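Got a minute to walk through a fold together? Have a look at the chain below, and then we'll take it apart by question and answer.

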Amino acid sequence: MTQLTAADLSALAERLAAMKRQAQAEIEAANNAMSSDHEAQGHEVVTRADEAEEFRLDEVRRAEIQIDQNTLVQIDAAQARMQAGQYGLCLQCGEAIARERLFALPTAIRCTPCQAEVEQHG
Ligand SMILES: [Zn+2]
């Protein structure tokens, strides 16, 4: 069993929902900002330097979208575990993940020792 109370779970559920909304908003904003989506036609002539800068920004946006999409996947998985009553249990050892760790990182799927082990072994 996890040491989480019903109040903890509902606070964490709210946290996850807020994180999800934020990630979705960020993906939408990054998508809207992508220069490939807006043709520059009708605007002032785009210089080579601007183009290079736009290209660089698009790369950054793509990377941000990728990170946000990964976050969304993790949030969905956390919400699914919550539905299944498995939330807060380490996927590796099955022990309860420390409450403080979950509040710091609501999408955590491993307890601190298991996470450290995974990171050590790459
Ligand atoms: Zn563990």
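Q: Where does Tyr87 lie?
A: This is a predicted model, so everything here is computed from it. In that model, Tyr87 isn't part of a helix run; look along the chain between two of them. The spot is the loop between α2 and α3.

Q: Is Tyr87 buried or exposed?
A: Count the other C-beta atoms within 10 Å of its own: there are 24. The cut-off for buried is 20 or more, so Tyr87 comes out as buried.

Q: Which residues does Tyr87 touch, leaving out those up to four places away in sequence?
A: One contact is with Leu9, and there are others with Ala78, Arg81 and Met82. Thr107 is 20 residues from Tyr87 in sequence, and their C-alpha atoms are 9.3 Å apart. Back to the touching residues, the list reads Leu9, Ala78, Arg81 and Met82.

Q: What sign does the phi of Gly85 have?
A: Gly85 follows α2. Its phi is near 75°, so the sign can be read straight off that value: positive.

Q: Is Ala96 buried, partly exposed or exposed?
A: Ala96 also sits in the loop between α2 and α3. Its C-alpha is 7.1 Å from that of Cys111, 15 residues away along the chain. With 16 other C-beta atoms within 10 Å, Ala96 misses the 20 needed for buried but has more than the 12 that would make a residue exposed. That makes Ala96 partly exposed.

Q: How many helices does the chain have?
A: Reading along the sequence gives the pattern α-α-α-α. There are zero strands, and the helix count is four.

Q: How far apart are the end C-alpha atoms of α1?
A: Helix α1 covers residues 6–33, which is 28 residues. At 1.5 Å a residue, the helix should span 40 Å, and the model agrees with that. The end C-alpha atoms are apart by 40 Å.

Q: What does α2 reach from its first C-alpha to its last?
A: α2 has 36 residues. At 1.5 Å a residue you'd expect 52 Å, and the model comes close to that. The reach is 52 Å.

Q: How do α1 and α2 run relative to each other?
A: Their axes come within 9 Å and cross at roughly 155°. Angles over 145 degrees count as roughly antiparallel, so that is what this pair is. The contact is made by residues including Leu9, Ala13 and Ala23 of α1 and Arg61, Asp68 and Ile75 of α2. In short, α1 and α2 are roughly antiparallel.

Q: What is the handedness of the crossing of α1 and α2?
A: This is the crossing at roughly 155°. Its handedness is left-handed.

Q: Which helices do the buried residues of α1 pack against?
A: The buried residues of α1 are Leu12, Ala23 and Ala30. On the other side, α2 has Arg61, Asp68, Ile75 and Ala78 buried, and their cover includes α1. For the buried residues of α1, the packing partners are α2 and α3.

Q: Is Ala13 buried, partly exposed or exposed?
A: Ala13 lies in helix α1, and its C-alpha is 8.9 Å from that of Ala78, 65 residues away in sequence. Inside 10 Å there are 16 C-beta neighbours, so Ala13 counts as partly exposed.

Q: Which residues make up the largest nonpolar core?
A: In soluble globular proteins, nonpolar side chains tend to be buried together. Here, Ile97 touches Cys90, Leu102, Ala108 and Cys111, among others. The core has six residues in all: Leu12, Cys90, Ile97, Leu102, Ala108 and Cys111.

Q: What percentage of the residues count as buried?
A: The chain has 122 residues. The share of them that count as buried is 14%.

Notes. Residues are numbered from 1 along each chain as its sequence is written. This is a predicted model: local features need pLDDT of at least 70, side-chain atom pairs count only at pLDDT 80 or more; totals for chains, interfaces and linings use all residues. A nonpolar core is a set of buried Ala, Val, Leu, Ile, Met, Phe, Trp, Tyr and Cys residues joined through C-beta atoms within 7 Å. Two residues are in contact if their C-beta atoms, placed from the backbone, lie within 7 Å. Helices (H or I, at least four residues) and strands (E, at least two) are DSSP runs, numbered from the N terminus. The expected span of a helix is 1.5 Å times one less than its number of residues. Axes are lines fitted to C-alpha atoms, for helices over the stretch in contact, and angles run from 0 to 180 degrees between N-to-C directions. Angles under 35 degrees count as roughly parallel, over 145 as roughly antiparallel, 65 to 115 as roughly perpendicular and the rest as oblique. A crossing is left-handed if the near helix is turned anticlockwise from the far one by less than a right angle, and right-handed if clockwise.
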